[in-house]
Amino acid sequence: NLPNQALSFDRFLLIKGLPIFFFLFFLSFGWGTLGAYAVLYGQEINISNPGYFFLFLAGGIVLSRVNAGKLVDRGYLHTVIITAISIVVVAFFSFAVLHNIYAFNASAFLIGIGYGLLFPALQTIYVNMAPATLRGTANSTYLTGFDLGVGIGLLTGGIMAQYFKGFASLYLLCSVLSIIALVIYILSSKKV
């Protein structure tokens, strides 16, 4: 028999990791909009085959994953995260304002690099900030922030694009949210 344990908030979310939780939420919002709306956006700006977006996105992810682990293992965790977010900011901005096939695919590649560097590094931060007894809670916090951001991006991205008269505004918003995430990270990483 398991002893009766009181249910508490910190069994589901790592309290110490809440700033990173919100930071991850803002970043994963942009990730959530890509799967549902990137092709529609490509059609909106007259890209002949917007499906190539995902090929370039995957290429960026694969390329970044080859090097990300090595950099994190060498102690460059914070540098990797700040670089990755900066890449995501620039990539979403160029995705929103440059409307040709080259910029469309180059942005996809950069978004892939940024997120490919970012997500494994963030999980490392969560695991490192928790004692061994709370590693499950740390992973839960990471995945909850990611899932909430992706889900809200999927659900509201189309509505926002309609309200703001196009997907370009949605992707500019993703760039702004990434800047906010960068600020949150820089301010909170001193405590991690």
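Visitor: Is F119 buried or exposed?
Guide: In this predicted model, the relative accessible area of F119 comes to 7%. Because the buried class takes in residues under 20%, F119 is assigned to it, and the term to use is buried.

Visitor: How many aromatic pairs are there in the structure?
Guide: Two rings are taken as a pair if their centres lie within 6.5 Å. By this rule, the aromatic pairs number 19.

Visitor: Of which kind is the pair formed by the rings of W31 and F119?
Guide: The ring centres of W31 and F119 are 6.0 Å apart, and their planes meet at 80°. Since planes over 60 degrees apart define the class in question, the pair of W31 and F119 is edge-to-face.

Visitor: How many residues apart are W31 and F119, which link distant parts of the chain?
Guide: W31 belongs to helix α1, which covers residues 18–44, whereas F119 belongs to helix α4, which covers residues 101–129. W31 itself is partly exposed, with a relative accessible area of 22%. Along the chain, the separation of W31 and F119 in residues is 88.

Visitor: What is the angle between the planes in the aromatic pair of Y41 and F104?
Guide: The rings of Y41 and F104 lie 6.4 Å apart, centre to centre, and their pair is classed as tilted. A tilted pair falls between the limits of 30 and 60 degrees, and for Y41 and F104 the angle is 40°.

Visitor: Which helix holds F104, the partner of Y41?
Guide: Y41 is buried at a relative accessible area of 0%, and F104 likewise counts as buried at 0%. The two residues stand 63 apart in the chain, with Y41 in helix α1 and F104 in helix α4.

Methods
Residues are numbered from 1 along each chain as its sequence is written. This is a predicted model: local features need pLDDT of at least 70, side-chain atom pairs count only at pLDDT 80 or more; totals for chains, interfaces and linings use all residues. Side-chain values use heavy atoms; hydrogens and water are left out. Helices (H or I, at least four residues) and strands (E, at least two) are DSSP runs, numbered from the N terminus. Buried means under 20% relative accessible area, exposed over 50%, partly exposed in between (1.4 Å probe, protein chains only).
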